[in-house]
Amino acid sequence: MKGKDVLLICKSVHHGNTLKVAQRMAEVLDAVIEDPLQVTPEEINAYSLIGFGSGIYNRKPHSVLLHLVDTIEVQKQKKAFIFSTATFPWAPALQPLRDKLTHKGFILLGEFSCKGFIDEGIIKYFFGGLNKGRPNEKDLHEASVFAKNIRDNYLTTRVVKSGSSII
Ligand SMILES: Cc1cc2nc3c(=O)[nH]c(=O)nc-3n(C[C@H](O)[C@H](O)[C@H](O)COP(=O)(O)O)c2cc1C
(Lines give C-alpha, C1' and ligand atoms only; values in the text may rest on other atoms or scores of the structure.)
Protein backbone atom coordinates (compact mmCIF):
# COMPACT_ATOMS: atom_id res chain seq x y z
CA MET A 1 0.00 0.00 0.00
CA LYS A 2 2.98 2.36 0.40
CA GLY A 3 1.12 4.63 2.84
CA LYS A 4 -1.43 5.81 0.31
CA ASP A 5 -5.03 6.68 1.21
CA VAL A 6 -6.80 6.12 -2.08
CA LEU A 7 -7.35 2.99 -4.15
CA LEU A 8 -8.72 3.17 -7.69
CA ILE A 9 -10.21 -0.15 -8.80
CA CYS A 10 -10.46 0.01 -12.57
CA LYS A 11 -11.65 -2.40 -15.27
CA SER A 12 -10.66 -1.16 -18.70
CA VAL A 13 -10.70 -3.85 -21.39
CA HIS A 14 -11.46 -2.21 -24.74
CA HIS A 15 -8.92 0.55 -25.43
CA GLY A 16 -7.67 1.53 -21.97
CA ASN A 17 -10.02 4.53 -22.04
CA THR A 18 -11.12 4.21 -18.43
CA LEU A 19 -7.56 3.48 -17.36
CA LYS A 20 -6.52 6.87 -18.83
CA VAL A 21 -9.11 8.53 -16.58
CA ALA A 22 -7.88 6.49 -13.60
CA GLN A 23 -4.26 7.49 -14.26
CA ARG A 24 -5.13 11.20 -14.36
CA MET A 25 -7.15 10.90 -11.14
CA ALA A 26 -4.34 8.91 -9.51
CA GLU A 27 -1.87 11.76 -10.14
CA VAL A 28 -4.13 14.13 -8.21
CA LEU A 29 -5.12 11.73 -5.44
CA ASP A 30 -1.71 10.03 -5.10
CA ALA A 31 -3.66 6.81 -5.56
CA VAL A 32 -2.88 3.19 -6.33
CA ILE A 33 -4.63 1.68 -9.37
CA GLU A 34 -5.57 -1.98 -9.40
CA ASP A 35 -7.62 -4.34 -11.55
CA PRO A 36 -10.61 -5.81 -9.66
CA LEU A 37 -9.03 -9.26 -10.01
CA GLN A 38 -5.97 -8.09 -8.01
CA VAL A 39 -7.88 -6.55 -5.11
CA THR A 40 -7.91 -8.31 -1.74
CA PRO A 41 -10.45 -7.82 1.09
CA GLU A 42 -7.59 -6.52 3.28
CA GLU A 43 -6.93 -3.72 0.81
CA ILE A 44 -10.58 -2.69 0.75
CA ASN A 45 -10.43 -2.41 4.52
CA ALA A 46 -7.11 -0.57 4.56
CA TYR A 47 -7.80 2.33 2.17
CA SER A 48 -9.89 5.25 3.37
CA LEU A 49 -11.32 6.18 -0.03
CA ILE A 50 -11.99 3.95 -3.02
CA GLY A 51 -12.80 4.88 -6.62
CA PHE A 52 -14.63 2.24 -8.65
CA GLY A 53 -14.14 2.62 -12.40
CA SER A 54 -15.17 0.76 -15.53
CA GLY A 55 -16.05 1.09 -19.17
CA ILE A 56 -19.67 0.38 -19.96
CA TYR A 57 -20.21 -2.93 -21.72
CA ASN A 58 -23.70 -3.88 -22.87
CA ARG A 59 -25.28 -1.16 -20.73
CA LYS A 60 -23.44 -2.13 -17.52
CA PRO A 61 -20.08 -1.76 -15.80
CA HIS A 62 -17.80 -4.77 -16.28
CA SER A 63 -19.10 -7.92 -14.56
CA VAL A 64 -15.74 -8.47 -12.83
CA LEU A 65 -16.10 -5.14 -11.02
CA LEU A 66 -19.71 -5.85 -10.07
CA HIS A 67 -18.69 -9.29 -8.82
CA LEU A 68 -15.91 -7.81 -6.69
CA VAL A 69 -18.38 -5.50 -4.97
CA ASP A 70 -20.61 -8.52 -4.28
CA THR A 71 -17.74 -10.16 -2.41
CA ILE A 72 -16.77 -7.13 -0.29
CA GLU A 73 -17.85 -7.24 3.34
CA VAL A 74 -20.23 -4.57 4.57
CA GLN A 75 -18.34 -1.34 5.22
CA LYS A 76 -18.88 1.24 7.93
CA GLN A 77 -19.66 4.24 5.71
CA LYS A 78 -16.43 4.02 3.73
CA LYS A 79 -16.09 6.83 1.19
CA ALA A 80 -16.23 5.92 -2.50
CA PHE A 81 -16.76 7.39 -5.93
CA ILE A 82 -17.52 6.05 -9.39
CA PHE A 83 -15.87 6.81 -12.72
CA SER A 84 -16.62 5.48 -16.18
CA THR A 85 -16.25 5.90 -19.91
CA ALA A 86 -18.84 4.94 -22.53
CA THR A 87 -19.95 5.58 -26.09
CA PHE A 88 -22.93 7.45 -24.74
CA PRO A 89 -22.53 8.19 -21.00
CA TRP A 90 -25.94 7.32 -19.60
CA ALA A 91 -26.59 7.49 -15.86
CA PRO A 92 -28.83 4.37 -15.63
CA ALA A 93 -25.93 2.18 -16.84
CA LEU A 94 -24.19 2.83 -13.51
CA GLN A 95 -27.22 1.94 -11.38
CA PRO A 96 -26.15 -1.68 -10.69
CA LEU A 97 -22.82 -0.42 -9.34
CA ARG A 98 -24.46 2.37 -7.30
CA ASP A 99 -26.94 -0.10 -5.80
CA LYS A 100 -24.29 -2.65 -4.87
CA LEU A 101 -21.98 -0.05 -3.32
CA THR A 102 -24.68 1.56 -1.20
CA HIS A 103 -25.93 -1.91 -0.19
CA LYS A 104 -22.37 -2.62 1.05
CA GLY A 105 -22.33 0.51 3.18
CA PHE A 106 -20.26 2.81 0.98
CA ILE A 107 -21.00 6.54 0.98
CA LEU A 108 -20.94 7.72 -2.64
CA LEU A 109 -19.23 11.09 -2.97
CA GLY A 110 -19.75 11.61 -6.68
CA GLU A 111 -19.42 10.27 -10.20
CA PHE A 112 -17.35 11.15 -13.23
CA SER A 113 -18.19 9.94 -16.73
CA CYS A 114 -16.93 10.86 -20.17
CA LYS A 115 -16.97 9.51 -23.71
CA GLY A 116 -14.57 6.77 -24.77
CA PHE A 117 -13.49 5.54 -28.19
CA ILE A 118 -15.25 2.42 -29.45
CA ASP A 119 -14.54 0.34 -32.54
CA GLU A 120 -16.46 -2.81 -31.77
CA GLY A 121 -19.02 -4.81 -33.77
CA ILE A 122 -21.39 -2.93 -36.05
CA ILE A 123 -19.97 0.43 -34.91
CA LYS A 124 -16.63 -0.62 -36.36
CA TYR A 125 -18.30 -2.09 -39.45
CA PHE A 126 -20.42 0.96 -40.29
CA PHE A 127 -18.44 3.90 -38.91
CA GLY A 128 -14.91 2.60 -38.36
CA GLY A 129 -15.34 3.68 -34.74
CA LEU A 130 -16.99 6.44 -32.70
CA ASN A 131 -15.60 9.03 -30.28
CA LYS A 132 -12.15 9.02 -31.88
CA GLY A 133 -9.51 10.40 -29.54
CA ARG A 134 -11.75 10.24 -26.46
CA PRO A 135 -11.08 10.60 -23.67
CA ASN A 136 -9.24 13.67 -24.94
CA GLU A 137 -7.22 16.24 -23.01
CA LYS A 138 -10.36 18.18 -22.08
CA ASP A 139 -11.98 15.01 -20.68
CA LEU A 140 -8.84 14.20 -18.71
CA HIS A 141 -8.62 17.75 -17.39
CA GLU A 142 -12.23 17.44 -16.19
CA ALA A 143 -11.30 14.13 -14.53
CA SER A 144 -8.47 15.87 -12.69
CA VAL A 145 -10.79 18.69 -11.57
CA PHE A 146 -13.23 16.07 -10.25
CA ALA A 147 -10.38 14.36 -8.39
CA LYS A 148 -9.15 17.67 -6.94
CA ASN A 149 -12.63 18.34 -5.62
CA ILE A 150 -12.68 14.92 -3.94
CA ARG A 151 -9.18 15.46 -2.56
CA ASP A 152 -9.86 18.92 -1.19
CA ASN A 153 -13.22 18.08 0.34
CA TYR A 154 -12.82 14.54 1.61
CA LEU A 155 -9.16 13.72 2.25
CA THR A 156 -8.42 15.10 5.70
CA THR A 157 -4.65 14.73 5.54
CA ARG A 158 -4.26 17.39 2.84
CA VAL A 159 -3.87 21.16 2.86
CA VAL A 160 -6.66 23.02 4.66
CA LYS A 161 -8.22 25.31 2.07
CA SER A 162 -9.00 28.24 4.36
CA GLY A 163 -5.57 28.54 5.94
CA SER A 164 -1.91 27.81 5.44
CA SER A 165 -1.56 24.93 7.87
CA ILE A 166 -1.20 21.30 6.90
CA ILE A 167 -2.80 18.74 9.18
C1 LIG B 1 -18.38 -5.21 -25.99
C2 LIG B 1 -18.64 -3.74 -25.78
C3 LIG B 1 -19.88 -3.33 -25.37
C4 LIG B 1 -20.15 -1.96 -25.17
N5 LIG B 1 -21.38 -1.57 -24.74
C6 LIG B 1 -21.63 -0.24 -24.53
C7 LIG B 1 -22.89 0.20 -24.06
O8 LIG B 1 -23.81 -0.59 -23.80
N9 LIG B 1 -23.09 1.54 -23.90
C10 LIG B 1 -22.12 2.45 -24.18
O11 LIG B 1 -22.37 3.65 -24.03
N12 LIG B 1 -20.88 2.07 -24.59
C13 LIG B 1 -20.62 0.74 -24.77
N14 LIG B 1 -19.38 0.33 -25.18
C15 LIG B 1 -18.32 1.34 -25.37
C16 LIG B 1 -17.37 1.40 -24.19
O17 LIG B 1 -18.08 1.67 -22.99
C18 LIG B 1 -16.33 2.50 -24.40
O19 LIG B 1 -15.60 2.22 -25.57
C20 LIG B 1 -15.43 2.61 -23.20
O21 LIG B 1 -14.69 3.80 -23.31
C22 LIG B 1 -14.50 1.42 -23.10
O23 LIG B 1 -13.65 1.63 -22.02
P24 LIG B 1 -12.26 0.86 -21.87
O25 LIG B 1 -11.39 1.22 -23.05
O26 LIG B 1 -11.75 1.36 -20.58
O27 LIG B 1 -12.60 -0.59 -21.82
C28 LIG B 1 -19.12 -1.01 -25.39
C29 LIG B 1 -17.84 -1.46 -25.80
C30 LIG B 1 -17.60 -2.80 -25.99
C31 LIG B 1 -16.23 -3.24 -26.43
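Hi everyone, let me start in a loop: Pro135 sits between helix 5 (121-127) and helix 6 (137-154), where helices are DSSP runs of H or I with at least four residues, strands are runs of E with at least two, and both are numbered from the N terminus. The peptide bond that joins Arg134 to Pro135 is cis, with omega about 0°.

Before I go on, a word on the model. It is a predicted one, with local features needing pLDDT of at least 70 and side-chain atom pairs counting only at pLDDT 80 or more, while totals for chains, interfaces and linings use all residues. Residues are numbered from 1 along each chain as its sequence is written, and side-chain values use heavy atoms, with hydrogens and water left out.

There is a second backbone spot to show you. Asp30, in the loop between helix 1 and strand 2 (32-34), has a positive phi, near 55°, and is not a glycine. For context, most residues other than glycine have a negative phi, and most peptide bonds are trans.

Now to the ligand. Which residues are the closest to it? They are Ser12, Thr18, Ile56, Tyr57 and Thr85, out of 20 that surround the ligand, meaning that one of their heavy atoms lies within 4 Å of it. Some of these make polar contacts, which are pairs of N or O atoms within 3.5 Å; within protein, one must be able to donate a hydrogen and the other to accept it, and residues adjacent in sequence count only if both atoms are side-chain atoms. The side chain of Ser12 has an N or O atom 2.5 Å from a ligand oxygen. For Thr85, a polar side-chain atom is 2.6 Å from an oxygen of the ligand, and for Thr18 the distance is 2.7 Å, again to a ligand oxygen.

Which elements give two or more residues to this shell? Helix 1 (17-29), strand 3 (49-57) and strand 5 (79-86) do, and strand 3 gives the most, with 3 residues. By class, the shell has 7 nonpolar, 11 polar and 2 charged residues; Ala, Val, Leu, Ile, Met, Phe, Trp, Tyr, Cys and Pro count as nonpolar, Asp, Glu, Lys and Arg as charged, and the others, Gly among them, as polar.

That is my tour, from the cis bond between Arg134 and Pro135 to the ligand with its 20 surrounding residues. Thanks for listening!
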